[in-house]
Amino acid sequence: MRKFRIAALALVGVLAFSACTVGTQNVDTTSAEGEIRGTITFQTWSLRAAYRDYFEKLIDDFEKKYPGTRVKWIDQPAEGYADKISADAAGGTLPDVVNVSPDLAAPLAKAHLALDLDRAAPQYRDEYLPAAWKSSRIPGMKGTYAFPWYLNTGPLFYNKKLFAQAGLDPDDPPRTYDELFRDALTMAKRSKGRIATLASVPTIEDFGRYGVRLMNKSGTAFTFDEPKGVELLRRYKKLYQAGALDRQAFTSTPEQAGRKFMQQSVAMNPGSALDLDKFKKDAPSLYKNIGITDAPNNTGSPNMYVQGLMVNAAGDNKATAVAFAHFVTNAENQMAFAHETTVFPSTKGALDTEYFTRQDGTDKTRVRIASAKSLDTAVNYTPVLLSEDMKTALQNAVTRALRGDESPEKALKRAAEECNRLLRLG
């Protein structure tokens, strides 16, 4: 699914919902009572081209299960998806069931347009992984505002040969940040700066995996500039100065970082089963030395990417919308979708099935099993209130600190202040 639709998962625009809050204050966001009949609209996020047959059968099955229902399927392109949701919300044309990531659900919930499933459909909560269900909770608000749908996480590839050449155990990759920084500095020193361990600067997910408190509990302020966040940035600065972080990391795209990994000038890089196929074809010497692990963390929990289905609280047929959103995300239908593409179900027990645990010797299964294993304890580290502009502010601060233009303390403080200013603007 185009690297499990990373671009779509990362598309976090600042949705301007000031206009759409007018007239929604009295919407009942806590109830979905009524008969399961009538017509609803269902919107997906750039899925029709590749999965048309799957969704047409899914809709047909639902309509057969609930006679008298009809589902109109709308599929929007990835580009401009957030803007489309914003325009529909403002214009009162939001579909009944909407494919959202947690960051897109947040402004809809604040605008009283997202149904609170903790109150409207609590009977379904225990069907899903707890962390997945919680992923659409909004700091400062009570409730859960989307059914968890499909999940993903990226395995971390590492070059066993480069680890062995540096005197590191190729079968024991770093699992914590202490181990990562130790091994990265060792590799840089023993390769005389020729081999960097990492090709990307830290993101908000790294701060979360490191154990940094990212926001206060009320969701009114970002806190990644606290001492633990500064500590992480100082350690990355040390990596950069030692050559353990690639010199082009500030401007490197995922594609560029991937090429450096294939050229074997970088020892670790995230990826997917699609990358393994590419290594096998274009970099056979790398392929035979590939190791697969989770990204290091200090919390015991890898990162999780989440897609969900939100029910429009202002819709005219919420009972049918809830029934359909649950139908799409139930265990059977999520498992069927996982067989169609490289995603993972958010329902309890699904990741323990043979499909996600039994090796068959193929690269695709090798990565699927490694990713599924990590998802069992994964959490979504990206705050749902973090916008693209806020991410940019943090990225710029990281760059200034690592280059030495500002101290890590000052750079992170300025970034947090800017993020909090944007947060207040809403």
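The following dialogue examines helix packing and empty space in a predicted model.

Visitor: Why is α10 called oblique to α17?

Guide: Helix α10 (residues 227-242) and helix α17 (residues 388-403) pack at an angle of about 55°, and their axes are 9 Å apart. Angles under 35 degrees count as roughly parallel, and those from 65 to 115 as roughly perpendicular. The angle of about 55° falls in neither range, and therefore α10 is oblique to α17. The crossing of α10 past α17 is right-handed.

Visitor: Which residues of α10 and α17 meet?

Guide: From α10 come L233, Y236, K237 and Y240, and they meet V398, A401 and L402 of α17. By class, this contact of α10 with α17 has six nonpolar residues, no polar residues and one charged residue.

Visitor: What makes α17 roughly antiparallel to α18?

Guide: The axes of α17 and helix α18 (residues 408-425) cross at roughly 170° and come within 8 Å. Angles over 145 degrees count as roughly antiparallel, and a crossing at roughly 170° therefore makes α17 roughly antiparallel to α18. On the α17 side the contact is made by D389, M390, A393, L394, A397, R400 and A401. On the α18 side the residues include P408, A411, L412, R414 and A415. The contact of α17 with α18 divides into 12 nonpolar, no polar and four charged residues.

Visitor: Why is the angle given together with a distance?

Guide: Two packed helices are described by the angle between their axes and the distance between the axes.

Visitor: How do you know that the structure holds a cavity?

Guide: A cavity is a set of points where a 1.4 Å probe fits but cannot get out. The structure holds one cavity of 30 Å³ or more. The largest cavity has a volume of about 190 Å³.

Visitor: Which residues and helices line the largest cavity?

Guide: Of its 21 lining residues, A273, T342, F344, V367 and R368 lie nearest the centre of the largest cavity. At least two lining residues each come from α1 (2-10), α12 (273-282), α15 (331-340) and α16 (363-375). Helix α16 gives the largest share, four residues. The lining of the largest cavity comprises nine nonpolar, eight polar and four charged residues.

Visitor: What makes the second largest pocket a pocket rather than a cavity?

Guide: A pocket is an open set of points, whereas from a cavity the probe cannot get out. The second largest pocket holds about 610 Å³ of space. It is lined by 21 residues, and P139, N380, Y381, T382 and P383 are the closest to its centre. Its lining has 11 nonpolar, six polar and four charged residues.

Methods. Residues are numbered from 1 along each chain as its sequence is written. This is a predicted model: local features need pLDDT of at least 70, side-chain atom pairs count only at pLDDT 80 or more; totals for chains, interfaces and linings use all residues. Side-chain values use heavy atoms; hydrogens and water are left out. Axes are lines fitted to C-alpha atoms, for helices over the stretch in contact, and angles run from 0 to 180 degrees between N-to-C directions. A crossing is left-handed if the near helix is turned anticlockwise from the far one by less than a right angle, and right-handed if clockwise. Contact means heavy atoms within 4.5 Å. Ala, Val, Leu, Ile, Met, Phe, Trp, Tyr, Cys and Pro count as nonpolar, Asp, Glu, Lys and Arg as charged, and the others, Gly among them, as polar. On a 1 Å grid over the protein atoms alone, a cavity is a set of points where a 1.4 Å probe fits but cannot get out, and a pocket is an open set with protein on both sides within 12 Å along at least five of seven lines; lining residues have an atom within 4 Å of a point. Grid points are joined across faces, edges and corners, and a volume is the space filled by probe spheres set on the points.
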